[in-house]
Amino acid sequence: MIKNILISAATVISVAAQAQTPHHWTLRECMAHALENNIEIKRMDIETQKRETELSTARNSRLPDLNASAGQNFSFGRGLTAQNTYSDNNTSNTSFALATSVPLFTGFNIPNTIELNRLNLKAALADLEKARNDIRMQVAAAYVQALYAMELLDVAQRQTAIDSMQSARLREMYSNGKASGVDVAQQDATLAASRLTATQADNDVKLSLLTLSQLLELPSPEGFSIARPDSAGMSRAQSAPLPLPDEIFSEALLIKPEIQAGLFRVKGMEKSILIARSALYPKLSLTAGIGTNYYTASGFDTDGFGSQIRNNFSQNIGLNLSIPLFNRFSTRNSIRTARLNRQEQQLVLDNTKKALYKEIQQAYYNAVAAEAGYRSSSEALTSSEAAFKLMSAKYEYGKANITEFNEAKNNYMKAESDLSRARYECMYQKALLGFYKGDELDF
């Protein structure tokens with residue numbers, strides 16, 4: 001009888017699940033959508049583009065510049081003439097010029113600036129990947145929470161179905177005089193409590209899917225559902241051996257983007273020291289230019305505009321050497337500041353490494369605890385299932401009352417809930433350990 005009730009309850013749930021067949025999002029699909037639409041990732045992608053622009057600017061600083069100029073000057077009133085006398089006259093001067101300069105030696109400022117910007121770009125790309133990893137972990141955690149909520153809803157629905165059928169059976173027995181009104185009332189109260197639990201479980205599922213849909217930047221959670229991992233994949237994940245924290249950490253140091261970003265910034269600070277030291281060296285540049293002008297003076301005959309432009313055309317080329325002698329200790333202090341920034345960045349990197357090691361240690365011990373919890377929950381489920389079957393047989397033969405039956409059933413359902421939590425926790429924690437080693441976060 002009890003076996004038939006369990007089969008009927010499972011059938012009711014299966015038919016209800018098949019009534020609607022929406023698209024079920026896998027974890028990979030959730031992650032891909034979140035990475036594509038997350039606002040913080042988009043913002044960091046813009047920061048990366050800024051670093052690319054700065055690198056392009058630094059590279060182009062090696063090129064010559066080119067400037068054009070034009071001027072128009074007017075002079076009025078008394079002025080000195082060619083005869084060394086003063087007279088009232090008006091003059092005008094129109095000038096045109098093109099000038100260029102090429103840096104020949106800048107104390108290695110330009111190549112070090114280019115390398116600094118290249119390292120800044122690499123650090124920005126690593127920061128972007130770190131943000132993506134954070135989103136992957138958040139989505140995976142929310143996904144597991146939704147899976148667990150769905151499992152609890154299944155358990156609550158099975159419990160409600162069993163209690164509903166048991167309540168109907170007791171009413172029939174009551175009408176035949178084989179059960180008391182107290183048993184019927186007690187079972188009705190149990191059924192009401194089961195329905196309340198199922199309602200709360202259904203709300204938990206909706207809230208967990210809402211949280212996940214918000215991480216995915218979906219406009220609404222309506223119609224959103226997720227796929228449950230297959231049992232074979234879950235079994236493989238749960239049976240996978242646990243690597244030691246030191247082993248994971250040694251591999252994580254080589255691949256984790258937050259570590260790579262810190263290394264790039266330390267190297268960038270070393271380039272900043274060299275850039276500050278470049279102010280100690282002389283600067284040499286090549287300059288060149290062409291120009292012409294047109295001049296008029298009142299009371300004097302002058303050639304025409306075109307004639308003067310041609311006749312006054314001039315060219316120049318030269319070298320400009322600048323030697324720093326004393327700049328109020330500004331360069332010395334800039335070098336000191338750059339060295340302090342380098343020390344500070346090294347401390348930031350060391351702290352990042354320590355934080356990563358702590359995360360790995362916590363993930364490892366969480367995985368150990370989850371693995372132990374899964375084994376204990378499996379044993380508890382086996383025991384409670386056996387106890388429930390024995391109690392069901394006793395209840396069928398009238399050797400146990402409805403209170404004892406419900407207690408055994410509740411213990412069995414709780415063991416199922418505990419196993420569901422332990423199963424998903426173990427799967428998530430082991431996948432997280434693999435993720436620190438560079439594996440894809442998937443299950």
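**Exercise 1: Aromatic pairs**

Find how many aromatic pairs this predicted model holds, then work out how the rings of Phe105 and Tyr281 are arranged.

*Solution.*
- Step 1. The count for this predicted model comes to ten aromatic pairs.
- Step 2. Look at the ring centres of Phe105 and Tyr281: they are 6.4 Å apart, and the ring planes meet at 85 degrees. Planes over 60 degrees apart count as edge-to-face, so this pair is edge-to-face.
- Step 3. Now place the two residues. Phe105 belongs to strand β5 (residues 91-105), while Tyr281 sits in the loop between α8 and β7 (283-297), so the pair ties together parts that are 176 residues apart in sequence.
- Step 4. Check the surroundings. Phe105 is partly exposed, at 30% relative accessible area, and Tyr281 is partly exposed at 33%.
- Step 5. Look for a further partner: Phe105, Phe108 and Tyr281 form one aromatic cluster.

**Exercise 2: Another arrangement**

Decide whether the rings of Phe388 and Tyr412 are stacked or edge-to-face, and whether these residues are buried or exposed.

*Solution.*
- Step 1. The ring centres of Phe388 and Tyr412 lie 5.4 Å apart, with planes at 15 degrees.
- Step 2. Planes under 30 degrees apart count as stacked, so the pair is stacked.
- Step 3. Phe388 lies in helix α10 and Tyr412 in helix α11, so this pair ties together parts that are 24 residues apart in sequence.
- Step 4. Both Phe388 and Tyr412 are buried.

**Exercise 3: A helix and its neighbours**

Describe the span of helix α8 and find which helices its buried residues pack against.

*Solution.*
- Step 1. Helix α8 covers residues 257-277, which is 21 residues.
- Step 2. From first C-alpha to last, α8 reaches 30 Å, close to the 30 Å expected at 1.5 Å a residue.
- Step 3. Pick out buried residues of α8; among them are Ile259, Phe264, Val266 and Ile273.
- Step 4. Follow the buried residues of α8 outwards, and you find them packing against α4 (109-175), α7 (245-255) and α10 (330-396).

**Exercise 4: Inside the core**

Find how many residues the largest nonpolar core has, which element gives the largest share of it, and what Leu212 touches.

*Solution.*
- Step 1. The largest nonpolar core has 53 residues, and those with the most contacts inside it are Cys30, Val139, Leu212, Leu216, Phe224 and Ile226.
- Step 2. Several elements give two or more residues to this core, including α2 (27-37), α3 (39-60), α5 (181-215) and α11 (402-436).
- Step 3. The largest share, 15 residues, comes from α4.
- Step 4. Zoom in on Leu212: leaving out residues up to four places away in sequence, Leu212 touches Cys30, Val139, Ala142, Tyr143, Phe224 and Ile226.
- Step 5. There is also a second, separate core of 14 residues, which includes Leu170, Ala179, Ala415 and Leu419.
- Step 6. To link this with a wider pattern, remember that in soluble globular proteins, nonpolar side chains tend to be buried together.

**Exercise 5: Cysteines**

Work out how many disulfides the structure has, and whether Cys30 and Cys426 are buried or exposed.

*Solution.*
- Step 1. Searching the whole structure gives zero disulfides.
- Step 2. Residues under 20% relative accessible area count as buried. Cys30 has 0%, so Cys30 is buried.
- Step 3. Cys426 also has 0%, so Cys426 is buried.

**Exercise 6: Gly291**

Locate Gly291 and list its contacts beyond four places in sequence.

*Solution.*
- Step 1. Gly291 lies in strand β7, and at 12% relative accessibility it counts as buried.
- Step 2. Beyond its neighbours within four places in sequence, Gly291 is in contact with Phe96, Ala97, Asn312, Phe313 and Ser314.
- Step 3. For a sense of distance, the C-alpha atoms of Gly291 and Tyr174 are separated by 115 Å, with their positions 117 residues apart along the chain.

Technical notes: Residues numbered from 1 in each chain as written. Predicted model: local features only at pLDDT ≥ 70, side-chain atom pairs only at ≥ 80, totals over all residues. Heavy atoms only, no water. Expected span 1.5 Å × (residues − 1). Buried < 20%, exposed > 50% of the residue type's maximum accessible area, 1.4 Å probe, protein only. Contact = heavy atoms within 4.5 Å. Core = buried A, V, L, I, M, F, W, Y, C linked by side-chain atoms within 4.5 Å. Phe/Tyr/Trp six-rings, centres within 6.5 Å; stacked < 30°, edge-to-face > 60°. Disulfide = S-S within 2.5 Å.
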